[in-house]
Amino acid sequence: MNLDGANYKVEDGEGLRRTLHVRIPATAMQEEFLSRLGALRRRTRIRGFRPGKAPIKLIKQRYGQEVWDELTRETIERSFRQGAQQQELRVVGSGEVKAKKVREGSDLEYQAAFDVLPEIEFSGLDALSYEEPEVEIQSRDVDRTIDRLRRREAEWKDVERPAREGDRMVVNLKVSRRRETLEAGELKEATLMLGETRLMPPLKERLMRLAASQKKKFRLKMPPEYPNESLRGKRVLYEVEVLGLSEPQLPDLDEEFVRKLGVESGSAEELRADVRASLERELKSLSESHKRQSLFDQLLKANEGPAPQSLVDRDVEQMLASMGQPPAADSEDAESGPAPEKRDGQAEETPEMRAMAERRVRLQLLVAELAAREKISPDDQALRQQLQALAVGAPDPEAAFAELAGNRDLVGNLRAGIREEQVLEWLYGQAAVSRKTMSLDEFMEPMPPILTG
């Protein structure tokens, strides 16, 4: 079909919303309509007429509406793509089309509302920095981890004496300055494992003087590195109520207990080796997560901008669906009757959920744009390895691999994940990297600043 005579006009909406107004001349529609009827006539058999010789009027009477409707749908799809390309619009999705009922001999007019991708001019890439934690697993880390495993099986006995190392303390805690509670400055029924939970030394010293049912108020000077700069070096008020204090009766580290932890030999040394390997895996995973969080946060902060709401809406719907909530009905369904009542336990969208979706969509767009700019394409070998890993447990791994490789949605998601990892490594290569030596507990078990400073 010849669309040379089509007319396109773009109307800007709020944010990234655009509306494309389209008009297709009646002559172009009519020419294509008659051409399709002629082609249909040549391949249609109708009783009483030789093959392909039925009158065009009869063909039109029987099949005209169906042919016209199909032509209209195809023309809208094709002209929308052509119009978006001519107007240099980077369209998200297929658009929400509103078209008037078109009859033969009339122009086809419709409007399509859609989101466009934002124009991204990167900034802040030369200011990236990353403080890389340097953590070495020590023998004491293995010992403390085993002690924690023993504590899980311990019998806890309430005590009336002042607290000491190894005790479990349950507290209500409130931290304020000038009668205003600090941000995240109130904890209810918080469990503190004295000797494990990381605490500011002055705070730990004060807590170790308390016994069950005691209440105490005291002031502490916040350390120079406290996250809130306005509180560094300032004195704040701690109000502590000890709800409970107990000491552990630990099980012996004998063969029976070691076997209970999954080490069939019952060997304590083999348990130590397993614990060290587990800590190393956890440390590696958390280190990667730490790097991802830090660098992607900086990328987002330096490149703020809007996110296409249609993509955000879809992300929210996927979150709700994963929580057992069906997506919202469209406007036509909503007008047909009253909205269904919300069932108990049914998930609802929250502002936090939408903010999370917007952040995720913005990050996906930035990653895709940066990958295109730097010509970062997903590693085919990495994709193949991931597909093989998914297929390895199947009865026929080769057949499963072929089936997985043919799943466009799965392959697309895997490619996006691989590309994200490659962009992350590119950002890491651009960043000014410094190293900070810290203990395993400091890195893996951060506590609220009101406890740790």
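Are Tyr 130 and Tyr 428 buried or exposed? Both of them are buried. Keep in mind as you look around that this is a predicted model, and let's use those two tyrosines as the way in.

Tyr 130 belongs to strand 5, which covers residues 129-134, while Tyr 428 belongs to helix 12, so their pairing ties together parts that are 298 residues apart in sequence. How do the two rings face each other? Their centres are 6.0 Å apart and their planes stand at 70°, so this is an edge-to-face pair. An angle over 60 degrees is what earns that label. Tyr 428 has another partner too: the charged end of Lys 291 sits over its ring, 4.5 Å from the ring centre.

How many aromatic pairs are there by this rule? The count comes to 4. One of them joins Phe 33 and Trp 68, again edge-to-face, with 5.1 Å from centre to centre and 90° between the planes. Phe 33 sits in helix 1 (residues 26-42) and Trp 68 in helix 2 (residues 56-86), so this pair links parts that are 35 residues apart in sequence. Like the two tyrosines, which are buried, Phe 33 and Trp 68 are buried as well.

Stay in helix 1 for a moment and find Ser 35. Ser 35 is partly exposed, because its relative accessible area is 44%, and that value falls between the 20% limit for buried and the 50% limit for exposed. Ser 35 also gives you a feel for distances across the model: its C-alpha is 84 Å from that of Glu 269, and the two residues are 234 apart in sequence.

Now for some strands. Strand 4 runs over residues 108-116, and 7 of its 9 residues are buried, so the rest of the structure largely encloses it. Which strands pair with strand 4 here? Strand 2 (residues 17-24) is one of them, running antiparallel to strand 4 and joined to it by 8 bridges. Within that pairing, Leu 20 has Ala 112 as its bridge partner. Strand 3 (residues 91-99) also pairs with strand 4 in the antiparallel sense, over 6 bridges. There, Val 91 stands opposite Val 116. As you look along these strands, it helps to know that side chains in a regular strand alternate between the two faces of the sheet.

Just ahead of strand 2, in the loop that follows strand 1 (7-12), you'll find Gly 15. Gly 15 is exposed, because its relative accessible area is 53% and the label applies over 50%. Where does the chain come back to meet this loop? The C-alpha of Pro 306 is 7.1 Å from that of Gly 15, although 291 residues separate the two along the chain.

Let's move on to the second largest pocket, which has a volume of about 590 Å³. Its lining is made up of 20 residues, and those nearest its centre are Arg 314, Gln 364, Leu 365, Ala 416 and Arg 419. Which elements give two or more residues to this lining? They are helix 7 (309-322), helix 9 (351-373) and helix 12 (408-430). Helix 12 should ring a bell, as Tyr 428 lies in it. By type, the lining residues divide into 9 nonpolar, 5 polar and 6 charged.

Helix 9 is also the place of Met 353. With a relative accessible area of 9%, Met 353 is buried, because the cut-off is under 20%. The C-alpha atoms of Met 353 and Asp 315 are 9.4 Å apart, with their positions 38 residues apart in sequence.

Follow the chain past helix 9 into the loop that leads to helix 10 (380-391), and you reach Lys 375. Most residues other than glycine have a negative phi. Lys 375, however, has a positive phi of about 55° without being a glycine. Lys 375 is exposed, with a relative accessible area of 73%.

Which other residue does something similar? Ser 213 has a phi near 75°, again a positive value in a residue other than glycine. Ser 213 lies in the loop between helix 4 (201-207) and strand 9 (215-221). With a relative accessibility of 63%, Ser 213 counts as exposed.

Note on methods. Residues numbered from 1 in each chain as written. Predicted model: local features only at pLDDT ≥ 70, side-chain atom pairs only at ≥ 80, totals over all residues. Heavy atoms only, no water. 1 Å grid on protein atoms, 1.4 Å probe; cavity = no way out; pocket = protein on both sides within 12 Å on 5 of 7 lines; lining within 4 Å. Points joined across faces, edges and corners; volume = space filled by probe spheres on them. Helix = DSSP H or I, 4+ residues; strand = E, 2+ residues; numbered from the N terminus. Nonpolar A, V, L, I, M, F, W, Y, C, P; charged D, E, K, R; others polar. Phe/Tyr/Trp six-rings, centres within 6.5 Å; stacked < 30°, edge-to-face > 60°. Buried < 20%, exposed > 50% of the residue type's maximum accessible area, 1.4 Å probe, protein only. Lys NZ or Arg CZ within 6 Å of the ring centre and 35° of its normal. Pairing = 2+ DSSP bridges.
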